[in-house]
Amino acid sequence: MGGSQGGRTSKVHLAADRRCHPPAFALTAGQAADSPQFIPVLRKIRVRGPVGHDADLYKERNTVDRLINKMITTRYAP
């Protein structure tokens, strides 16, 4: 999508649920900044308010990483 000296690039900005499914994502040009996509992606999902430290939720902190690995290895396109 986007052009640079290294060629054409793109970025995927996404949210992931506990089952490693992408309920919301945005695709932008590779040279685009990440931070402007934060609010648009979060508006597409329902986000719980802040909670205290929950050990079970903390164990799931790598959910987005697992989703990206799953997408790369299975070539899954949401």
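Reader: What pattern does the protein chain follow, read along the sequence?

Author: This is a predicted model, where local features need pLDDT of at least 70, side-chain atom pairs count only at pLDDT 80 or more, and totals for chains, interfaces and linings use all residues. Residues are numbered from 1 along each chain as its sequence is written, and side-chain values use heavy atoms, with hydrogens and water left out. The chain has three helices and three strands, taken as DSSP runs numbered from the N terminus (helices: H or I, at least four residues; strands: E, at least two). Read along the sequence, the pattern is β-β-β-α-α-α.

Reader: How much of the protein chain counts as buried?

Author: Buried here means under 20% relative accessible area, exposed means over 50%, and partly exposed is in between (1.4 Å probe, protein chains only). Of the 78 residues in the chain, the buried share is 21%.

Reader: And what share of the exposed area do carbon and sulfur atoms supply?

Author: Accessible areas come from the Shrake-Rupley method with a 1.4 Å probe, and for residues only the protein chains shown count as cover. The protein chain exposes about 6,200 Å². Carbon and sulfur atoms supply 54% of that.

Reader: Take L14 in strand β2. Is it buried or exposed, and why?

Author: L14 lies in strand β2, residues 7-15. Its relative accessibility is 17%, and the cut-off for buried is under 20%. So L14 counts as buried.

Reader: Which residues does L14 touch, leaving out those up to four places away in sequence?

Author: A contact means heavy atoms within 4.5 Å. One partner is V41, 27 residues apart from L14 along the chain, with the C-alpha atoms separated by 6.6 Å. The full list for L14 is A24, F25, V41, V64, L67, I68 and M71.

Reader: A24 is on that list. What is its relative accessibility?

Author: A24 lies in strand β3. Leaving out residues up to four places away in sequence, A24 touches H13, L14, A15, V41, K44 and I45. A24 counts as buried because its relative accessibility is 1%.

Reader: How far apart in space are A24 and K44, C-alpha to C-alpha?

Author: K44 is among the residues that A24 touches. The two are 20 residues apart in sequence. In space, C-alpha to C-alpha, the separation is 5.9 Å.

Reader: What share of the contacts in the chain with a separation of 6 or more comes from residues 24 or more positions apart?

Author: The L14 and V41 pair, at 27 residues apart, gives a feel for such separations. For the protein chain, residues 24 or more positions apart account for 43%.

Reader: Which side chain makes a polar contact with that of T28?

Author: T28 lies in strand β3 and counts as buried, at 9% relative accessibility. A polar contact is a pair of N or O atoms within 3.5 Å; within protein, one must be able to donate a hydrogen and the other to accept it, and residues adjacent in sequence count only if both atoms are side-chain atoms. At 2.8 Å, the partner of T28 is H13.

Reader: Which residues make the nonpolar surface patch of about 260 Å²?

Author: Patches take residues with over 30% relative accessible area and no salt bridge, joining like charges within 9 Å and nonpolar side chains (Val, Leu, Ile, Met, Phe, Trp, Tyr) within 5 Å. L27, found in strand β3 (residues 24-29), is partly exposed with a relative accessible area of 46%. The patch is made by V12, F25 and L27.

Reader: How many salt bridges does a search of the whole structure find?

Author: A salt bridge is a side-chain nitrogen of Lys or Arg within 4 Å of a carboxyl oxygen of Asp or Glu. Side chains of opposite charge can pair when their charged atoms come close. The search finds two.

Reader: Which residue does K11 meet in a salt bridge?

Author: K11 is partly exposed, with a relative accessible area of 26%. The N to O distance in its bridge is 3.2 Å. The partner of K11 is D34.

Reader: Where do K11 and D34 sit, and how many residues apart are they?

Author: The pair links distant parts of the chain. K11 is in strand β2, D34 is in the loop between β3 and α1 (38-43), and the separation is 23 residues.

Reader: Which residue forms a salt bridge with R19?

Author: R19 is exposed, with a relative accessible area of 59%. The closest N and O atoms are 3.2 Å apart. The partner of R19 is D17.
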